[in-house]
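Here's a quick briefing to read with the model open beside you. Take a look first, then work through the points below by topic.

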Amino acid sequence: MGEALPRNVFEILVSALGDRNKAEHFSSGIESLISEQGKSIKSEVKDELRQELVTRELFLVHAQLMEDKFKAMDWKINVLVGLVVLFGTFLNPTFLAFLRRLLRI
């Protein structure tokens with residue numbers, strides 16, 4: 001990953017140092033420094049992101065916990081709906097009248 005200095009910056013080095021070979025040598029040192037700094041910054045950012053972001057394994061664990069909670073809630077809702085239907089049927093006046101007629105026969 002060679003980071004090359006822009007041509008105008010290299011020309012400024014040539015004019016400042018007065019020698020093209022010295023400018024090339026100096027610019028290669030600067031390019032190496034920029035490259036190493038870039039690698040260092042990338043490494044630091046990677047480490048920070050690794051600490052801040054959720055890993056796939058942790059995400060899957062939390063997803064499984066949520067799925068288990070939804071299953072438990074689903075069961076509770078099914079029981080609640082069943083009780084509402086059951087009591088709604090038995091407490092319905094029309095159904096009670098039907099049962100009275102049926103039991104008298």
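Arg7, Glu11 and Arg20 are tied together in a network of salt bridges. Keep in mind that this is a predicted model. Across the structure, the count of salt bridges comes to 5, and three of the pairs are picked out below, along with the helices, the nonpolar core and an aromatic pair.

**Salt bridges**

- Within the network, the side chains of glutamate 11 and arginine 7 meet at 3.2 Å, N to O.
- Both glutamate 11 and arginine 7 sit in helix 1, 4 residues apart, which is about one turn of the helix.
- Arginine 7 is the exposed partner, because its relative accessible area is 53% and the cut-off for exposed is over 50%.
- Glutamate 11 comes out as partly exposed, at 33% relative accessibility.
- Over in helix 2, glutamate 36 and lysine 39 form a salt bridge of 3.8 Å, N to O.
- Glutamate 36 and lysine 39 are 3 residues apart in that helix, so about one helical turn separates them.
- Both ends of this bridge are partly exposed: glutamate 36 has 47% relative accessibility, and lysine 39 has 46%.
- Helix 3 (residues 56-90) has its own pair, glutamate 67 and lysine 71, 4 residues apart and thus about one helical turn from each other.
- The closest N and O atoms of glutamate 67 and lysine 71 are 3.6 Å apart.
- Lysine 71 counts as exposed at 52%, while glutamate 67 is partly exposed at 39%.
- Why does this kind of spacing suit a side-chain pair that has to point the same way? An α-helix has 3.6 residues a turn, so residues three or four places apart point the same way.

**Helix 2, end to end**

- Helix 2 covers residues 20-52, which makes 33 residues.
- From first C-alpha to last, helix 2 reaches 47 Å, close to the 48 Å expected at 1.5 Å a residue.
- At the start of helix 2, a side-chain oxygen of aspartate 19 comes to within 3.4 Å of the backbone nitrogen of asparagine 21.
- For a sense of scale along the chain, asparagine 21 and leucine 33 are 12 residues apart in sequence and 18 Å apart in space, C-alpha to C-alpha.
- Leucine 33 is placed in helix 2, and with 52% relative accessibility this leucine counts as exposed.

**What's buried in helix 2**

- Ala23, Ser27 and Ser35 are the buried residues to look at here.
- What covers the buried residues of helix 2? Helix 1 (7-17) is included in the cover.
- Serine 27, a helix 2 residue, has just 5% relative accessibility and so counts as buried, the limit being under 20%.
- Setting aside residues up to four places away in sequence, serine 27 touches Leu5, Phe10 and Leu13.
- Leucine 5 returns that contact: leaving out neighbours within four places in sequence, the list for leucine 5 is Leu13, Ser27, Ile30, Glu31 and Ile34.

**The nonpolar core**

- Which residues make up the largest nonpolar core? Leu5, Phe10, Leu13, Val14 and Ala23 do, 5 residues in all.
- Helix 1 gives the most to this core, with 3 residues.
- Ala23 is the one that also turns up among the buried residues of helix 2.

**The aromatic pair**

- The structure holds 1 aromatic pair.
- The rings of phenylalanine 90 and phenylalanine 95 have centres 5.7 Å apart and planes at 65 degrees, so they count as edge-to-face.
- Are these phenylalanines buried, exposed or partly exposed? Phenylalanine 90 is partly exposed at 41% relative accessibility, and phenylalanine 95 is partly exposed at 24%.

**Helix 4**

- Helix 4 runs over residues 93-104, with 12 residues in it.
- The reach of helix 4 is 17 Å from first C-alpha to last, close to the 16 Å expected at 1.5 Å a residue.
- At the start of helix 4, a side-chain oxygen of asparagine 92 reaches to within 3.1 Å of the backbone nitrogen of threonine 94.

Note on methods:
Residues numbered from 1 in each chain as written. Predicted model: local features only at pLDDT ≥ 70, side-chain atom pairs only at ≥ 80, totals over all residues. Heavy atoms only, no water. Helix = DSSP H or I, 4+ residues; strand = E, 2+ residues; numbered from the N terminus. Expected span 1.5 Å × (residues − 1). Buried < 20%, exposed > 50% of the residue type's maximum accessible area, 1.4 Å probe, protein only. Contact = heavy atoms within 4.5 Å. Polar contact = N/O pair within 3.5 Å; in protein donor to acceptor, adjacent residues only side chain to side chain. Phe/Tyr/Trp six-rings, centres within 6.5 Å; stacked < 30°, edge-to-face > 60°. Core = buried A, V, L, I, M, F, W, Y, C linked by side-chain atoms within 4.5 Å. Salt bridge = Lys/Arg side-chain N within 4 Å of Asp/Glu carboxyl O.
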